[in-house]
Amino acid sequence: MKRLSLFDRIAYAPFNVQLVLTRKCNLSCGYCNEHDHESLPVPVKVIKAYINQLAELGTWSLTFTGGEPLLHPKVVAITRYAKERILYVGMISNVYLINDEMIARLNEAGLSYMQISIDGVHRNSNTMKVLNLMKTNLDLLAQKATFEIHLNSVLGVNDPDEVLEVIAYAKSRGFRTTIGLLHDGTGLLKLNKHQLNVWKEAQSLLAKPWWDRGTYERQLIEKGQAPFKCRAGGRYLYVDEWGIVHYCSQRFSMYQKPLMQYSLQDLKANFKQPKACHSTCTIGCVRRASWWDGWRP
Ligand SMILES: C[S@@+](CC[C@H](N)C(=O)[O-])C[C@H]1O[C@@H](n2cnc3c(N)ncnc32)[C@H](O)[C@@H]1O
């Protein structure tokens, strides 16, 4: 494929691509439908081909996900390879497998950021991604990582008041924080009144970019709907472990095309394609990647 021109890149290239390095996870969060315990890591040669293709498509930012990306035995080499081709390279991880040596290697490979889900303070049957179990690793990251750390609390998984404690902890360590809204298998919101009140209280505590005023979350919470022009398949791609592009992690059957056959025409077509699920969507990464083009037809 020929590399996109600067004009097409600005007009259509993905702002963010999430790429699954392995579907396997070391945890079993009760609310997550994006993992298993047996998948093999995607071979490095195959991942490099995906990265080359994403670079040709003009991808601005690439995020490794899974499963658990740190379970991939070549995650450092893959990060280095990606960083040589794509401006901003991050990873979503539960950091159970992080240690001094891994942080140093990821620093050296040029990782730009790591997003970590911390759903509360105490573990429960749904999540082990909690402060009580992860503070040691998080403190280590605060001391040693040269990449940006971003904590995301999924509201609805734990006692909602614990999310406020996570935000206070994150601030004390200089981490960026966001709150994710719990979705079910179709991407819909599932929150009760107490959780909603905590969400409102937390808004004033979060350091957000100027353009992110929590508007869509507020609308979803108050009205149950927040329509937007979804640019999934254009400005945002979810690439699974078989190299298939989907609109997002929750809409597998809606759209599928092999990444290696993806072209500017697909970016353009999907940019313009209305998605039936847009008004109740809680997928923050898709919403953020679509925001910039909200004014375009
Ligand atoms: C599938 S995980 C993969 C990366 C890594 N293993 C982790 O645990 O963060 C990616 C993100 O999706 C979030 N997630 C999974 N299921 C979700 C759901 N039902 N609602 C909201 N967020 C969810 C997780 O909390 C995590 O932040």
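**Exercise 1. The ligand's polar contacts**

Task: Find which polar side-chain atom lies 3.0 Å from a nitrogen atom of the ligand, then describe the shell.

Solution.
- Step 1. Start with the side chain. In this predicted model, E68 places a polar side-chain atom 3.0 Å from a ligand nitrogen.
- Step 2. Turn to the backbone. A polar backbone atom of G67 is 2.9 Å from a nitrogen atom of the ligand. Y31 also takes part through its backbone: an N or O atom there lies 2.9 Å from a ligand nitrogen.
- Step 3. Check the cover. On its own the ligand has 550 Å² of accessible area, and the protein covers 93% of this.
- Step 4. Assign the shell to elements. Strand 2 (61-66) and strand 3 (88-93) are the elements that give two or more residues to the shell.
- Step 5. List the shell. The ligand is surrounded by 17 residues, and Y31, G67, S117, K129 and H183 are the closest. Sorted by class, seven are nonpolar, seven polar and three charged.

**Exercise 2. Two backbone exceptions**

Task: Which peptide bond is cis, and where does V95 lie?

Solution.
- Step 1. Recall the background. Most peptide bonds are trans, and most residues other than glycine have a negative phi.
- Step 2. Read omega. The bond from G66 to G67 is cis, with omega near 20°. G67 sits in the loop between strand 2 and helix 3 (75-83). The backbone of G67 also reaches the ligand, with a polar atom 2.9 Å from a ligand nitrogen.
- Step 3. Read phi. V95 is not a glycine, yet its phi is positive, near 55°. V95 belongs to the loop between strand 3 and helix 4 (100-109).
- Step 4. Test burial. The relative accessible area of V95 is 1%, so V95 is buried.

**Exercise 3. The nonpolar cores**

Task: How many residues does the largest nonpolar core have, and which of them have the most contacts inside it?

Solution.
- Step 1. Count. The largest core has 71 residues.
- Step 2. Name the best connected. L106, M114, I116, L138, L141 and L151 have the most contacts inside this core.
- Step 3. Follow one of them. Leaving out residues up to four places away in sequence, L141 touches V95, I98, I103, M114, I116, F147 and I149.
- Step 4. Look elsewhere. A second core, separate from the largest, has 16 residues, including V163, L181, W199 and Y216.

**Exercise 4. M91 and T65 in their strands**

Task: Is M91 buried or exposed, and what does M91 touch?

Solution.
- Step 1. Place M91. It is in strand 3.
- Step 2. Apply the cut-off. Buried means under 20% relative accessible area. M91 has 0%, so M91 is buried.
- Step 3. Find a partner distant in sequence. T63 is 28 residues away along the chain, yet the two C-alpha atoms are 4.9 Å apart.
- Step 4. Extend the contacts. Beyond neighbours within four places in sequence, M91 meets T63, F64, P69, L70, V75, T79, L106, L111, Y113, M114 and Q115.
- Step 5. Now take T65, in strand 2. Its relative accessibility is 7%, so T65 counts as buried. With residues up to four places away left out, T65 touches Q18, L19, V20, L21, T22, I92 and Y238.

**Exercise 5. Burial of F15 and N152**

Task: What is the relative accessible area of F15, and of N152?

Solution.
- Step 1. Locate F15. This residue is in the loop between helix 1 (6-12) and strand 1 (16-22).
- Step 2. Classify F15. Its value is 23%, so F15 is partly exposed.
- Step 3. List its contacts. Apart from residues up to four places away, F15 touches W60, S61, R235, A289, W292 and D293. N270 is 255 residues away along the chain, with 14 Å between the C-alpha atoms.
- Step 4. Locate N152. This residue is in strand 5 (residues 148-155).
- Step 5. Classify N152. Its value is 11%, so N152 is buried.
- Step 6. Find its polar partner. A polar side-chain atom of N152 lies 3.2 Å from the backbone nitrogen of G180.
- Step 7. Complete the surroundings. Not counting neighbours within four places, N152 is in contact with Q115, I116, S117, I118, D119, T178, I179 and G180.

Conventions: Residues are numbered from 1 along each chain as its sequence is written. This is a predicted model: local features need pLDDT of at least 70, side-chain atom pairs count only at pLDDT 80 or more; totals for chains, interfaces and linings use all residues. Side-chain values use heavy atoms; hydrogens and water are left out. A residue is near a molecule or strand if one of its heavy atoms lies within 4 Å of it. A polar contact is a pair of N or O atoms within 3.5 Å; within protein, one must be able to donate a hydrogen and the other to accept it, and residues adjacent in sequence count only if both atoms are side-chain atoms. Accessible areas come from the Shrake-Rupley method with a 1.4 Å probe; for residues, only the protein chains shown count as cover. Helices (H or I, at least four residues) and strands (E, at least two) are DSSP runs, numbered from the N terminus. Ala, Val, Leu, Ile, Met, Phe, Trp, Tyr, Cys and Pro count as nonpolar, Asp, Glu, Lys and Arg as charged, and the others, Gly among them, as polar. Buried means under 20% relative accessible area, exposed over 50%, partly exposed in between (1.4 Å probe, protein chains only). A nonpolar core is a set of buried Ala, Val, Leu, Ile, Met, Phe, Trp, Tyr and Cys residues joined through side-chain atoms within 4.5 Å. Contact means heavy atoms within 4.5 Å.
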